[in-house]
Amino acid sequence: MSQKLDDQIATIEKALGERMIDHALVIVRSWLNELGENNPYEQAYEDLRKAYSELFSQWLTSGDPEHDVELNRLTGNAYRLVDAAYVSLRLQRGLSPDMHGFNNQSPQSVMQYFSFCLQLKEEDYQWMHNVCNDTRQAAIALMAVSALSKNVRECFNERALLALIEGINGENEVVAEQCLANVLIILAHYDVRIDFFPELQNAFMDAVSSMDDEGEDAFHTLCALVRSVKYNWRDSIASGELKVEDLPDELQSLLELTGDKENMDGVVSWMPATEQAYMQGLVDMLPDTWVYSALIGDSQERIRQIAIVYLSVGRMDLLWDHTDVAARWLRKQLRDGSSSPMDYINYGHCMLLQGDKMMAYEHYRQARNMCKSPKDFFALYRPDRRALVDHGIPLETVYLLEDQLING
């Protein structure tokens, strides 16, 4: 049954992302039927159906541009109805615990409550506001923020996200940094919704502008999140490849607060998205999101910086049209010896686009030799085929190079 519910949520997200409200309401109707006659959402459902029907009738007979604004507003209301009914349905089916209060002196109780409670009360948010602004309670605040962020990612909660945004300007710097990182992840995760929640957009931009640094800290946090896909902190430290003192300053500060340098739980709580695949997916979609545009805008310097950051994790997507910049950065990487197969491949791309086929082939071959098998090499190389062709490399040339490299 839970799988069916997951499928329904995916259908609703897709439908509302395209503002197809009726498609979503068909599923919501089945949820309300299951919740029973006394569910508290019937009036909101009927009001939404009526307003949407009236808007459609007006759209058929006129071209008022305000219709688009109204459709966005109704889509936001549809999301709110979906979220509220979804919470009640999960509780009724026993898929989520029905929780009432927590022991604020117990870290385990705080983590459990803010991770899984779907009906947080206003006093819960007030408690969180207080601890986020109390430097003596930094460790418990970090746990609450991390837990609440995980909760919001799994079950969208507009009020909870506003609380996390508020925390960006909290009194404790480390807690504020964690709020910022988590908010950026959540905004990217729920990008399809953001247009329908202008209050969230405004709250985030107000929080960033209150930093008095033209969003520089927020931008650098965004860059740090992109870089995070290159590292699996826990495995790297366990294997001895990475030392705690090599971690970014914000992670070291967190470890000092949590006293958790041995088992690395402090590191994984710094960011709710510890799963490499999850963060990789966010990094893939980030350049197309609202939060990326909001923090980078038309700033050529930030565009250049984020492009280099993407290149640092083996991604050349943002630099295909600026291979001179990419080549300079990659030359330094190769010269310093801190290179990976992807660096050699990307440098080969730069050389190929600049007309130096021999140099391109030599760097592709070097990357191939660093990989354990042809399969590993081509898993890195082949996703760039389309970009090479789109930037003027004949497909025959791409195939010819692959043919030579397959047994290299």
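The following exercises concern the nonpolar cores and salt bridges of a predicted model.

**Exercise 1.** Determine which members of the largest nonpolar core touch the most other members, and which helix contributes the largest share.

*Solution.* The largest nonpolar core holds 95 residues. Within this core, Ile21, Trp31, Phe114, Ile168, Phe204 and Val291 touch the most other members. Helix H9 (residues 173-189) supplies the largest share, eleven residues. A separate, second core has 32 residues, among them Met351, Leu352, Ala360 and Leu401.

**Exercise 2.** Identify the residues in contact with Trp31, leaving aside its neighbours within four places in sequence.

*Solution.* On that condition, Trp31 contacts Leu5, Gln8, Ile9, Ile12, Val82, Ala85, Tyr86 and Leu89.

**Exercise 3.** Establish how Glu70 and Arg73 are placed relative to each other in helix H4 (residues 66-93).

*Solution.* The two residues form a salt bridge whose closest N and O atoms are 2.7 Å apart. Because Glu70 and Arg73 lie three residues apart in helix H4, about one helical turn separates them. Glu70 is partly exposed at 25% relative accessible area, and Arg73 is partly exposed at 44%.

**Exercise 4.** Classify Glu402 and Arg385 as buried, partly exposed or exposed, and locate both in the chain.

*Solution.* A salt bridge joins Glu402 to Arg385, with the closest N and O atoms 2.7 Å apart. The pair links distant parts of the chain, 17 residues apart: Glu402 belongs to helix H24 (residues 395-405) and Arg385 to helix H23 (residues 385-390). Buried requires under 20% relative accessible area; Glu402, at 5%, therefore counts as buried. Arg385, at 26%, counts as partly exposed.

Notes. Residues numbered from 1 in each chain as written. Predicted model: local features only at pLDDT ≥ 70, side-chain atom pairs only at ≥ 80, totals over all residues. Heavy atoms only, no water. Core = buried A, V, L, I, M, F, W, Y, C linked by side-chain atoms within 4.5 Å. Buried < 20%, exposed > 50% of the residue type's maximum accessible area, 1.4 Å probe, protein only. Helix = DSSP H or I, 4+ residues; strand = E, 2+ residues; numbered from the N terminus. Contact = heavy atoms within 4.5 Å. Salt bridge = Lys/Arg side-chain N within 4 Å of Asp/Glu carboxyl O.
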